[in-house]
Amino acid sequence: MADTCSFSYDLSVIVPVYNSGAYLARCVESLDAQTAARGSFEVVLVNDGSPDGSLAICQQLVAERSNYVLVDQENQGVSAARNAGMQAASGRYLMFLDPDDTLSAPSIEAIVKTFDACGDAVDLLTYPLCYHEIETGKQHRNQRERWFAGSGAYDLADVPQVAQSTINVVLRNVGDQTPRFDTSREIYEDQVFDTALLERKCAIGWCAEAEYRYYRSATNTSSRRDRPELTFGDVISAFELFLQMAERTPRFAPYVHALILYNVGWRFRAGKLFPVFGSEETCRKNCGRLAAVLGAIPAESWAASPYLSELWPVDQAILQDRRLHVAGHCLAAPSLLTQGLVVTAKGSEQPVSLEPAFPQGESDADVWCWKYSFTLPVRGGRPFDAELRPHGEGLQPDLIFRVTRSNGRKLNNHLREFGDWRLELKGAGLHVGTIKDLPLWTMPLLRPVMWLHDRRRTGDYDVKRVDELRKALPRAVRKRRGEVSWLYDDGSQAGSEQRGALAKLRADHGRTAADSIVQRYVVNGPEDEAAAELGARAIQRGSFEHIVCLLAAQMVVTSCADVSEILPCEDAVFDRVRDFTRANQWYELVRDTSEVVFAPAFDKIFAP
């Protein structure tokens with residue numbers, strides 16, 4: 001690597017390569033298309049022990065392009081690959097590009113120009129990030145970009161909400177003084193790296209003319225990085241490290257608090273924040289550790305954060321017997337919810353009680369996640385609005401309803417149909433009414449119109465499959481409801497540890513087949529021995545019987561924290577048949593550990 005006074009290029013693009021042969025060409029095409037002169041930047045390919053032939057592709061690229069460099073090493077992980085790339089780089093600035101992503105044509109030229117203009121005011125620069133959804137072709141921007149008005153240097157005290165991560169950053173190359181990634185971390189190694197850089201000057205650069213194009217697919221997520229029992233330690237230790245920086249540099253504290261709340265927000269919504277693994281004592285300890293982090297963030301930061309507006313999701317919305325039953329979780333600083341919640345509907349207020357969602361720590365301050373539920377009557381056929389708010393005076397965070405599951409048909413992200421009724425989400429409010437708020441006698445006329453509208457929609461769901469299921473399900477589900485049944489489902493990764501946890505759960509509940517409970521286990525193939533080990537009946541994943549059993553089971557037992565992971569068919573299809581779900585159905589969460597123990601129940605479909 002060049003020393004701090006001599007550089008061969010303006011910028012070095014570091015590309016960590018592992019099993020990337022299928023899409024590396026797209027990445028290289030975007031680099032070849034750059035408006036910057038080829039001699040002004042270099043590309044450092046780091047082959048991290050790829051077994052798929054990526055090395056040969058990299059060797060050919062280096063042979064054909066004079067500004068390409070190849071580093072070949074044994075597999076050590078993405079952090080080690082980036083570190084090796086920085087060690088070999090000889091550009092004044094360093095940027096990272098994953099091999100399955102691309103850059104817009106003007107990116108490198110614009111980045112160098114902007115970083116030069118910022119001078120010594122910043123050590124790190126960021127630029128627009130555009131998500132490309134591979135399956136749908138949809139594109140959208142990262143919400144953090146709204147805080148920047150135009151290219152230049154920004155004081156983080158003025159824009160604390162930018163919550164930066166490594167994917168779209170450029171840093172100054174300072175030779176051997178350039179920071180390195182922590183290779184011991186499974187997760188958040190990028191934010192630890194960036195945050196340490198930003199603390200030096202409490203400032204960040206922004207280049208509006210560049211674009212990082214991030215290609216996402218539902219099939220290319222990392223299951224290991226998504227498992228809380230493997231990543232919780234890294235997540236919480238990163239938060240604790242950020243708080244140490246805030247204490248060391250008070251001017252940096254607003255950015256740190258916003259960064260933690262940004263990560264808490266999306267991890268909460270994705271079901272990746274809860275420490276629902278290990279023994280109850282372990283869960284209690286982890287909850288207390290996370291509560292200590294959240295408790296260190298001032299209430300003003302909680303109230304000001306734009307990333308917490310969706311932290312009040314309605315997990316379940318069930319319309320039954322002319323009553324709308326609502327249940328969910330909420331996450332907030334304890335000081336914001338000292339008097340609970342209140343729902344206002346039809347001119348009157350109804351208190352909403354809260355209870356801890358997880359084992360409590362030493363004090364009430366350790367409670368950071370609550371469960372809530374309430375019921376609204378819908379008699380009379382008249383539409384009405386309801387609003388959820390914290391009770392009492394003081395800070396009033398922005399609460400937004402977000403229904404994740406219901407026994408109604410999902411029409412779009414904000415509207416659900418429950419037969420003669422519809423539920424519309426309006427920010428902090430729910431609008432409950434009939435379709436287009438017309439009298440009930442108009443419903444027979446509107447239903448055929450909506451049916452035709454659904455059939456004309458393309459790419460949303462399999463119309464034929466939905467029609468077949470809705471014809472066949474009523475009798476099959478009605479038959480299953482005549483029995484008391486449990487359904488065991490560990491997703492596609494079921495193993496002996498999970499099965500042991502399920503067996504322990506059954507034993508601790510004191511329930512056996514002799515208690516007239518029909519037990520079924522979802523298997524992935526004919527050779528699966530899980531059902532036999534549990535003494536349960538085997539059903540094939542994705543089969544019609546699987547759909548029936550999931551809808552009709554009294555209890556669904558799983559080790560998947562996200563219930564959507566065990567759906568027997570596509571979400572869009574299941575949305576249109578889930579109204580057959582048993583009203584008093586329970587979901588019980590068990591997680592595998594070395595001790596084969598389980599956490600308490602985590603979810604319940606609300607029943608009257």
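In this predicted model, Q161 is buried, with a relative accessible area of 12%. The residue sits in the loop that joins β9 (152–155) to β10 (169–172). Leaving aside residues up to four places away in sequence, Q161 touches R144, W147, A258, A304, S305, P306 and Y307.

**Overall composition**

The protein chain contains 15 helices and 30 strands. Of its 608 residues, 55% count as buried. Among contacts between residues at least 6 apart in sequence, 74% join residues at least 24 apart.

**Aromatic pairs and charges over rings**

The aromatic pairs number twelve. One of them joins F148 and Y154 in an edge-to-face arrangement, with 5.0 Å from centre to centre and 75° between the planes. F148 and Y154 are both buried. F148 also pairs with W206: the ring centres are 4.4 Å apart and the planes stand at 10°, so this pair is stacked. The stacked pair links distant parts of the chain, since F148 belongs to the loop between β8 (139–141) and β9, W206 belongs to strand β11 (residues 203–206), and 58 residues separate them. F148 counts as buried because its relative accessibility is 10%. W206 likewise counts as buried, at 6% relative accessibility.

F96, F181 and F193 form one aromatic cluster. F96 also has a charged partner, as R82 lies over the face of its ring at 5.7 Å from the ring centre. A second arginine, R26, lies over the face of Y215, at 3.9 Å from the ring centre.

**Cysteines**

How many disulfides does a search of the whole structure find? The search finds zero. A disulfide is a covalent bond between the sulfur atoms of two cysteines. For C27, the closest cysteine sulfur is that of C58, 10.0 Å away, and therefore too far for a bond. For C118, the closest cysteine sulfur belongs to C207, at 8.9 Å, which is also too far for a bond. C27 is buried, with a relative accessible area of 1%, and C118 is buried at 11%.

**Positive phi outside glycine**

Most residues other than glycine have a negative phi. Two residues with positive values are described here. N19 is not a glycine, yet has a positive phi of about 50°. C202, also a residue other than glycine, has a positive phi near 50°. N19 is found in the loop between β1 (9–17) and α1 (24–32), whereas C202 is found in the loop between α5 (189–199) and β11. Their accessibility classes are partly exposed for N19, with a relative accessible area of 29%, and buried for C202, at 3%.

The table below collects relative accessible areas for several of the residues discussed.

| Residue | Relative accessible area | Class |
|---|---|---|
| Q161 | 12% | buried |
| F148 | 10% | buried |
| W206 | 6% | buried |
| C27 | 1% | buried |
| C118 | 11% | buried |
| N19 | 29% | partly exposed |
| C202 | 3% | buried |
| L423 | 2% | buried |

**Helix α11**

Helix α11 (residues 463–480) comprises 18 residues and reaches 25 Å from its first C-alpha to its last, close to the 26 Å expected at 1.5 Å a residue. Where does α11 bend? The bend, of about 45°, is at L473, and a proline, P474, follows within four residues. The buried residues in this helix include V463, V466, L469, L473, V477 and R480. An α-helix has 3.6 residues a turn, so residues three or four places apart point the same way.

**L423 in strand β23**

L423 lies in strand β23 (residues 421–426). At 2% relative accessibility, L423 counts as buried. Not counting residues up to four places away in sequence, L423 touches A317, L324, V403, H414, L415, R416, F418, L430, H431 and V432. One of these partners, L324, is 99 residues from L423 in sequence, while the C-alpha to C-alpha distance between L423 and L324 is 9.6 Å.

Notes:
Residues numbered from 1 in each chain as written. Predicted model: local features only at pLDDT ≥ 70, side-chain atom pairs only at ≥ 80, totals over all residues. Heavy atoms only, no water. Buried < 20%, exposed > 50% of the residue type's maximum accessible area, 1.4 Å probe, protein only. Contact = heavy atoms within 4.5 Å. Phe/Tyr/Trp six-rings, centres within 6.5 Å; stacked < 30°, edge-to-face > 60°. Lys NZ or Arg CZ within 6 Å of the ring centre and 35° of its normal. Disulfide = S-S within 2.5 Å. Expected span 1.5 Å × (residues − 1). Bend = angle between axes of the 7 residues up to and from the residue.
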